[in-house]
Amino acid sequence: MSATATQETAPAADAAGAGPYRPGKMKLLYHHAISNAPYLVLAAAAAAVALRASRLARTRADDLAAARELLASNLPLAVALLAAAVVLATAYLMRRPRPVYLLDFACYKPGPEHVVTRETFMAQSAAAGAFTGDSLAFQRKILERSGLGQGTYFPAAVLNSPPNPCMAEARREAEQVMFGAIDAVLAKTGVRARDIGVVVVNCSLFNPTPSLSAMIVNHYKLRGNVATYNLGGMGCSAGLISIDLAKQLLQVHRNSYALVVSMENITLNWYWGNNRSMLVSNCLFRMGGAAILLSNRGGDRRRAKYQLLHTVRTHSGAADRAYRCVFQEEDDAAGVGVALSKDLMAVAGEALRTNITTLGPLVLPMSEQILFLASLVARRVFGLAGVRPYIPDFKMAFDHFCIHAGGRAVLDTIEKNLGLGAWHMEPSRMTLYRWGNTSSSSLWYELAYAEAKGRVRRGQTAWQIAFGSGFKCNSAVWRALRTVEPGADERNPWAGEIHNFPVEVPKVEAVATATADAASS
């Protein structure tokens, strides 16, 4: 394998993008000045009020004595005022959004029998007899530049010789992924299956009857009043849609646990044709899934890993170009596949800008919002065309970035647009290399990577952002409620191998030919 392992770099290398973000001295000084300005103003105001109060102490004492006499002589008025205060306080507490806690999550790790190397991929594709020579060459080219490593996973139906994709095999894959992840998260949290009140499952391309959520209810014998939801056709961003839906449901269902399962199914969605725009998915998508357990119980805060702060969903499907950039359809030979448009990167960039425009005011420090507003006013109000648009520094708002590992091109685009460094992109790039594109569950493999590296500290924030067909861009922001020690979770999918990462992934990594394979053996 040409990719080589590298060790965690020292803080001195941070400037090169190999460590946590540290802003420049002037920017840090500006940030602290703006952030602390309200406190300085309040301190000055408090001093002025204290001085004024000292001068009016005698008058105020007389006023208080008069007020006490008034309330003593008007007991019904005092009781009414107290009752009104209690009612208002109760109404506020009842209408306040309930906090949502993430107790823990688990990612499915297939067994070694599911491993697919680049050479295995090409051998299976050639043996299938469904692809022309040009299509095989195209897949080889995509695979060599994909950023995927030699340890990703395929379901048995695709690896069999000959492949046998069918409903039974697709169900078997779904059961392996879902039940494997759910078993792990229940074991990690100690929550009993019958205590779960909400189940949300998302899988874009495999939606059998009964549904995947019904499969979970049946397997774990969940209680009869469990609220179940099954999201289909919503693409790689559906995992965060599921989180947002669970959050809304937990505002209604008191003292409940919500189980979210995010996955994709490869078995029945392997493309067996020669349309190049549909062949890309074959090269990138791999087997995987994640289960997340949420709670709105106040007592769970002390044992939860994270608290959900924000979810932001944006949809650009009103534009035809965005709507059709990821589109499932038949090719000229009536073969069904998912076509990826050449406009995909441009559409993703536009969707990202829309999403962060909504998210920015919720998370960015005032220092960044002032700079953004100043550049906007200069260009829009004063017509200063020479002023470049200011891109807010989201590294001032977030400690960890979990960007959907949809492909190398997607990650390159986001890295450039957000001005991120190699350290921030490391969880996403290593997830793409180790697991491939596992669709909506990739965000959780990335957060698991940060945990396995011992990077998640109490009070830090993590930003998950994903893109999906439609076209959608969705975000979730989490705050760590406790420090996650490296090596503490033996069920972390990176356990036992995290010391091998990060690796340096070449821009092009050749697929060994059959001749080379024979020689090496």
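Student: Which helix gives the most to the lining of the largest cavity?

Tutor: In this predicted model, the largest cavity is lined by Phe121, Gln124, Ser125, Phe154, Val158, Pro163, Trp270 and Trp272. The helix that contributes most to this lining, with 3 residues, is helix 4 (residues 118-128).

Student: How many of the residues lining the largest cavity are nonpolar, polar and charged?

Tutor: The space in this cavity comes to about 60 Å³. Among its lining residues are Phe154, Val158 and Trp270. The lining divides into 6 nonpolar, 2 polar and no charged residues.

Student: Why is one side of strand 6 and of strand 12 left without a neighbour in the sheet?

Tutor: The open sheet has 9 strands in the order 6-5-7-8-2-9-14-13-12, with mixed pairing. Strand 6 (227-231) and strand 12 (400-403) each have one side without a neighbour in the sheet because they stand at its edges, each with a single partner strand.

Student: Which residue of strand 14 is the bridge partner of Gln307?

Tutor: Strand 9 (residues 306-315) pairs with strand 14 (residues 472-480) over 9 bridges, in the antiparallel sense. In strand 14, the bridge partner of Gln307 is Arg479.

Student: What angle does the direction of helix 12 make with that of strand 9?

Tutor: Helix 12 (residues 344-363) packs on the sheet and touches strand 9, strand 13 (461-468) and strand 14. Between the direction of helix 12 and that of strand 9, the angle is about 135°.

Notes
Residues numbered from 1 in each chain as written. Predicted model: local features only at pLDDT ≥ 70, side-chain atom pairs only at ≥ 80, totals over all residues. Heavy atoms only, no water. Pairing = 2+ DSSP bridges. Helix = DSSP H or I, 4+ residues; strand = E, 2+ residues; numbered from the N terminus. Contact = heavy atoms within 4.5 Å. Axes fitted to C-alpha atoms, helices over the stretch in contact; angles between N-to-C directions. 1 Å grid on protein atoms, 1.4 Å probe; cavity = no way out; pocket = protein on both sides within 12 Å on 5 of 7 lines; lining within 4 Å. Points joined across faces, edges and corners; volume = space filled by probe spheres on them. Nonpolar A, V, L, I, M, F, W, Y, C, P; charged D, E, K, R; others polar.
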